[in-house]
Amino acid sequence: MAPTIALAGNPNSGKTTLFNELTGSHQHVGNYPGVTVEKKEGTYVRDGFRLHIVDLPGTYSLTAYSLEEVVARDFLVNQKPEVVINIVDASNLERNLYLAIQFLEMGIPICIALNMIDVAKKRGIKVNAQKLSSLLGIPVTPTIARLGKGKKELMDSASQIAREPNQLIPLKISYGADIDPVLSEMEKEILDSDFLTDTYQARWIALKYLESDEQIISKGQEANPDLSNRLKEMVRKVSQHLLNTLDTYPEAMIADQRYGYIKSILKQGVIHHKYDRNRLYSSDRIDKVLTNRFIGPLIMLAVIAGLYDFTFSYSKVPVGWLERFFGWLGSTLSAVLPAGMVKSLIVSGIIDGVGGVLGFVPLIMLMFFGIAILEDSGYLARVAFMLDRIFRIFGLHGSSVMAFIVSGGIAGGCAVPGVMATRTLKSPRERLATLLTVPFMNCGAKLPVFALLIATFFAKYEAVIMFLITLGAWAGALLVAKLLRVTVIKGEATPFVMELPPYRMPTFKGLAIHTWERTWQYIKKAGTVILGLSVVLWAMMTFPGLPDSKIQEFEKQRQEQISRAPQAVVQQLQAADHAEVQLSSEAGKLRANLQQIDAAEAEAGLRYSIAGRIGGALEGVSKWAGFDWKTNIALVGGFAAKEVVVSTLGTAYSLGAVDPEESGSLSETLARDPGWSPLLAVGLIVFTMFYSPCFVSVICISRESGSWKWGAFAMVFNTVLAFVLAVLIFQIGSAFGILVK
Amino acid sequence: MRINLRNMHDNQEGTIASIKVAGELGRRIRDMGLVPGTEIRIQGRAPLYDPVALRVMGATLTLRNNEADYIEVEVE
């Protein structure tokens, strides 16, 4: 097997760029087992020599602070890569070496890629790589990952280490007069009882106990509770002492000493600053404008609107192509296949289902491309910075805004890419609350439902109502987020402390890889599940078929119509099946009558199907919100995709399947129907806004949250919430006689 | 003079004197290079005056005001 090399480094150190540069197209994206952290692997090939490269998540430290850090640490310990390449930002050396020191403390074989030396040089920072290498005792190679410079030398020194593994002695730093004696004592105890030492170095275990590392302590508690408690007691004593004498904590002391060690190394002629370190660079001058108190928010609005416009207007054309392709495929197969169940399954079940999934692909690609630009350039971090104060009120994070916008914060988005956009959020609780609430935004598929109801009942106030619907969605999403954050996703706000990376020009290669891998994951994972589910939904709306006696009844009605009409008219109509023929008015009338019978049959069939029975059975409950079985069934269908609500309502009202874009006749029917009122329409609009996300979204929520539990939660919770709101509106409205006919 | 990081004004410089918080937040703050002895300068604040942006060892970090509360800074 090819030796494994792990890439590690701080976020924004150019790690991903280096990974792309090393592996090119030989890469594969998956997840670390059991968690949603992305795992990227690839192969580096040179002169027939192959190296397996794993890109570890970007971290600042190796504590068990975040999921990323736990994942990175577990990988290093369990998979034991032959060598770790630690990418450090040369223009930010002091802070970046903090991670390197922790690798050395762990006794992991590393070499350093001193990256972005061009940026450092421009900033007047000169780094003596050789000096650094000899002081740390590991190879240090200057690189410029963006241009592929230093790649060969770096891989030479990495494979050198991989080929000649020698036992590395973990770095021993002095952590001060208070910690050092305890540390040695603990180390001795650990060695004496072989406590976890088959996986970790003794001194490192002791260090982690002093740092109150939850992961290691819980492992220790399991392995040897006695010793673990003894160690904890020793830590408690030294903590008390430090608190009394120096008003500090062991973990703080250790961190201070690490930085002190780094300073002492850098002082020995490793680094030379030509200018004041904190002088302003072009990036800071850009920030003076982009995060300015007054202009900043305006520019942000423009950028967000621009991204939105870019994604949704440019995706229209390819989405149209795909729709036409699947339409063509459906009608071609309809013509070829014999009528019957198989045809219905393939055309209505499979092609519509798969088409529905693939129809999102151009949208997702463009959205990820746009977000990748904002992310890679560093602007996204500024958006989080500017909006954090507002989102924090609702238990969210400044970065949540992107997901909300994409999902339809400006009406017409889509929750699927919205849910996936939450990946840019690093705080787990805030991220979960965001991805559970983005489906409340008004996605493009809900708009035809709103358009139908508004046109029918509030034609005069179209713009006002649309605006209220948008506001309502935001208010609902934020309030529910707050509710979730004080109940099921309770917990302290994740620390906001983050870096504002300097603005950088994104590389096209990076953007392309970013976009493609995420899109492909969507197609692959979501595609298979959705195919199965769309077949199930199709079956629910098809089976059981009408009993033969009913079908014969409709057939008899048809024959009656045909036999009553003159022979010539019937012939003309038959001819029209095969070619464009101008129908006489009588033939047109006959056709309309026949279509009416077909539609009545479809309505009866739908009523008789499982979905129809569910709709009927739900009437007992749904009547509180004023929904009859027809509305229920349409809402059940809306679980497949929200635009189906309109077409299913059409079938239920015996109009045949209604094109969501042209729902004029359905609108007239609803306006005439005595069961409908503007009040009911308001209830239905609210219900549609808040009820269960469509199943593509549910699958994405499950995947992104790492558990089907959350997908199920979104379905149940949202539907209950929507129903309660709809009932309140209907009951209060009816009681006070508001908006009734 | 020692003041709280929250009370520093834009462009004011100082040296971190103490960070009085343990646990996740404390660890996170230290991981980013904020330890006693580090020189900082306030770069600016978000439009709603929170979070605050700092210049630390040539990089820009941001933290919320309620997180900055734990950091005391020695200023001239």
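Begin by selecting the residues where the two chains meet in this predicted model: the contact draws 32 residues from chain B and 31 residues from chain A. On the side of chain B that touches chain A, colour helix H1 (23-31), strand E3 (39-45), strand E4 (52-56) and strand E5 (59-63), which are the elements of chain B that each give two or more residues to this side. Of these, H1(B) supplies the largest share, with eight residues. If you then recolour the chain B side by residue class, 16 of its residues come out as nonpolar, six as polar and 10 as charged.

Next, keep E5(B) in view and add strand E10 of chain A (residues 498-500), since the two strands pair across the chains in the antiparallel sense over three bridges. Within this pairing, select Leu500(A), which stands opposite Thr60(B) in E5(B).

Now move to helix H11 of chain A, residues 250-267, and place a distance between its end C-alpha atoms: they are 25 Å apart, which agrees with the 26 Å that 18 residues should span at 1.5 Å a residue. Along H11(A), show the side chains of the buried residues, which are Pro250(A), Glu251(A), Ala252(A), Met253(A), Ile254(A), Ala255(A), Arg258(A), Tyr259(A) and Ile262(A). To see what surrounds them, display helix H3 (93-106), helix H7 (179-192), helix H8 (202-210) and helix H10 (225-246) of chain A, together with strand E2 (13-19) and H1 of chain B, against which the buried residues of H11(A) pack.

Finally, step just past the end of H11(A) to Gly269(A), where the backbone takes a positive phi of about 80°.

Technical notes
Residues are numbered from 1 along each chain as its sequence is written. Chains are lettered from A and ligands numbered from 1 in the order in which they are written. This is a predicted model: local features need pLDDT of at least 70, side-chain atom pairs count only at pLDDT 80 or more; totals for chains, interfaces and linings use all residues. Two residues are in contact if their C-beta atoms, placed from the backbone, lie within 7 Å. Helices (H or I, at least four residues) and strands (E, at least two) are DSSP runs, numbered from the N terminus. Ala, Val, Leu, Ile, Met, Phe, Trp, Tyr, Cys and Pro count as nonpolar, Asp, Glu, Lys and Arg as charged, and the others, Gly among them, as polar. Two strands pair if DSSP finds at least two bridges between them. The expected span of a helix is 1.5 Å times one less than its number of residues. A residue is buried if 20 or more other C-beta atoms lie within 10 Å of its own, exposed if 12 or fewer, and partly exposed in between; C-beta atoms are placed from the backbone.
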